Amino acid sequence: MQNNYCNLFTLTNRSDRYWQLGYAGLLLAGLVFFVSCAFYKEMWFDEAYTVAMIRHDFFRICEITARDVHPPLYYMLVKLASLIWGQDIVVYRLVSAAGMMLFLLLGFFHIRRICGNAAGFYYTFFAVFLPVMLEYSGEARMYSWAMFFTTSAGIYAYLAYRQNQRQHWVLFAVFSLCSAYTHNYALLGAFFINLSLLTTAFARKRYLLKPCLLTILAQVILYLPWLLVLISQVVSVTKEYWIVINYQHLLRDLLVFYFAENLPGIAVKLLSFGWLAVCGWGLYTALTQNRQYAGLALISLAVYLAVIGLALLLSQVKPIFITRYLMPNSGFLFIALACGLAAVRRQRVAVALCTAIFIASSVNFYLHYDKIYSPRNNALRADITYSLNPDDIFLYTDIHPAGIYMVAFPDHQHYVFLPGGQEDSKPNPFQPELRLIYDLNVLADYKGRIWLIESANSQLLYGHLGKSEPLFTVIDFARIYDMPYLSHKGFVFVGSLLQKEPGPVPPLPAKE
């Protein structure tokens, strides 16, 4: 194995040249897929959160994330990129695409050397062509980097176990820490990697216990500054968190997650079943035949499933799991299933499966591209821009449009009305332009125009202010904005323009 890594680019025969051409083709396809879907300008709330976060300095980023539920490393990486290439949503999306390309390169630089050319090729193929990868490679969020860090940590843990070289132990610790500081589900992945390495070393190679324990101790010490923060976040989550788990459909959602972006439901189910069935049968074959890479495949699958199992167990106290949290540890599933597909006796079946995935991915790319670059995505912002006055303010009853349009119009004051709420001192990246209010009389002395933007299924204030409150005059009646990219994320907004006269605002009518 050591010689394989030393001669990483050595072409030993014609077959190796064909494999490397195949890798080159996959990497080029990934580059085209991921980069071409990074240049649209509209964003949804989670991306607007990233954009708002990057406006702050590094210390403030740490302060805000410490009071939220995310670690700070991803935002720091994007902040560094913004200092070089400027503050722009396209820059942030290209950072995500860069993380995804690094994730792909693990297939060429490591998986193929450990598990063979076929397994490395299939791993890279999954990373490029599974429909979900396109979605998360082009969003300004941390998932591509979380995948890269956790998968790298697992690879270097395996190499440290097999070769016991200092650089592998160091890189294992570095990537484990990066995982922990990027996403809490990546932290769970790093935890199970460390646990599996320690357990295996104790059971089979006890001379590795010393470097293993020293590496784990170093990780714990370097994570201690954030550990107290994590504990406070966990306490906060147990009191209040927005996730609701639909257990009735949970298994289905887990099984179809990697295909269920833009494809028809029947195609998603067939592809998901075929992918898992063929690769699963191949993995069983690899285990029964004691293939060299079977152990790594089995441990990888165990880590992936252990994270899901622990998350669902903790969700019995407070729901903390949604399907997108599968992403940080998806590399382990890809390793396991790629090894399985490489072990399928009839490789024509593997080729047929990959062909079907490629066709589905091409259709998904077309639908995704059409959705994100649709001119309709700009409809609400364009209407506001056309009529906006310098002194106008914005009013919302939902944080999602508030975050999006505060980022779009940062020179105006924005208010989110949350009836019955309480003052919250927790910092958020949208301050000071965005303010949470719990009584509309905050606006009692205001005179001027208000852009009221609400969710289509909850027009709380338009029905009250626009129809029955004499202090408010409707200038432009409510228009529904069903924009393809945002509606895909579950958001359809209603925008209207009101004129406000000074005076106290009567409370909302009591709910029946």
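User: Which strands does helix H18 lie across, and at what angle does it run to S4?

Analyst: Keep in mind that this is a predicted model. H18 lies across S1, S5, S6 and strand S4 (448-455). Its angle to S4 is about 175 degrees. Anything over 145 degrees counts as roughly antiparallel, so H18 gets that label relative to S4.

User: What is the order of the strands in that sheet, and how are they paired?

Analyst: It's an open sheet of six strands, ordered S3-S2-S1-S4-S6-S5, with mixed pairing. S3 and strand S5 (472-481) are the edge strands: each has a single partner, so one side of each has no neighbour in the sheet. On average, neighbouring strands are turned by 20 degrees against each other, ignoring direction.

User: How do you know that S1 and S2 pair up?

Analyst: Count the bridges. Pairing takes at least two of them, and three join S2 to strand S1 (residues 393-396), with the two strands running parallel. Because three meets that minimum, the two count as paired. Leucine 395 stands opposite tyrosine 415 of S2.

User: What makes leucine 465 count as buried or exposed?

Analyst: Its relative accessible area is 0%. Buried means under 20%, so leucine 465 is buried. You'll find leucine 465 in helix H20 (residues 460-468). Leaving out residues up to four places away in sequence, leucine 465 touches Leu395, Leu440, Phe472, Leu498 and Val505.

User: Now the helices. Why are H14 and H16 called roughly parallel, roughly perpendicular or oblique?

Analyst: The axes of H14 (residues 265-288) and H16 (residues 330-342) cross at roughly 70 degrees and come within 6 Å of each other. The range for roughly perpendicular is 65 to 115 degrees, so H14 is roughly perpendicular to H16. Where they meet, H14 brings residues including Trp275, Leu276 and Val278, while H16 brings residues including Leu333, Phe334 and Ala336. The contact's residues split into ten nonpolar, three polar and no charged.

User: What makes the contact between arginine 381 and glutamate 42 a salt bridge?

Analyst: Look at the distance from N to O: 2.8 Å. The limit is 4 Å, so the pair qualifies as a salt bridge. This one links distant parts of the chain, 339 residues apart: arginine 381 is in helix H18 (residues 379-387), and glutamate 42 is in the loop between H2 and H3. Glutamate 42 has 12% relative accessibility, so it counts as buried, while arginine 381, at 25%, is partly exposed.

User: How many salt bridges are there by this rule?

Analyst: The count is 15. One of the pairs is arginine 55 with glutamate 433, at 3.2 Å from N to O. Arginine 55 sits in the loop between H3 and H4, and glutamate 433 in the loop between S2 and S3, so this pair ties together parts 378 residues apart in sequence. Lysine 489 and glutamate 139 also form a salt bridge, at 2.5 Å. Those two residues are 350 apart along the chain. Through shared partners, salt bridges join Asp46, Glu135, Glu139, Arg141, Arg324, Lys371 and Lys489 into one network.

User: Why is glutamate 139 called buried or exposed?

Analyst: Its relative accessibility is 1%, and the cut-off for buried is under 20%, so glutamate 139 is buried.

User: What makes the backbone at asparagine 164 worth a look?

Analyst: Its phi is positive, about 55 degrees, although it isn't a glycine. Most residues other than glycine have a negative phi. Asparagine 164 lies in the loop between helix H9 (143-163) and helix H10 (166-180). Asparagine 290 also has a positive phi, near 55 degrees, and is in the loop between H14 and H15.

User: How do you know whether those two asparagines are buried, partly exposed or exposed?

Analyst: Exposed means over 50% relative accessible area, so asparagine 290, at 65%, is exposed. Asparagine 164, at 34%, falls between the two cut-offs of 20% and 50%, so it is partly exposed.

User: Which residues does a cis peptide bond join?

Analyst: Glutamine 431 and proline 432, with omega about 5 degrees. Proline 432 is in the loop between strand S2 (414-417) and strand S3 (434-437).

Technical notes. Residues are numbered from 1 along each chain as its sequence is written. This is a predicted model: local features need pLDDT of at least 70, side-chain atom pairs count only at pLDDT 80 or more; totals for chains, interfaces and linings use all residues. Side-chain values use heavy atoms; hydrogens and water are left out. Axes are lines fitted to C-alpha atoms, for helices over the stretch in contact, and angles run from 0 to 180 degrees between N-to-C directions. Helices (H or I, at least four residues) and strands (E, at least two) are DSSP runs, numbered from the N terminus. Angles under 35 degrees count as roughly parallel, over 145 as roughly antiparallel, 65 to 115 as roughly perpendicular and the rest as oblique. Contact means heavy atoms within 4.5 Å. Ala, Val, Leu, Ile, Met, Phe, Trp, Tyr, Cys and Pro count as nonpolar, Asp, Glu, Lys and Arg as charged, and the others, Gly among them, as polar. Buried means under 20% relative accessible area, exposed over 50%, partly exposed in between (1.4 Å probe, protein chains only). A salt bridge is a side-chain nitrogen of Lys or Arg within 4 Å of a carboxyl oxygen of Asp or Glu.
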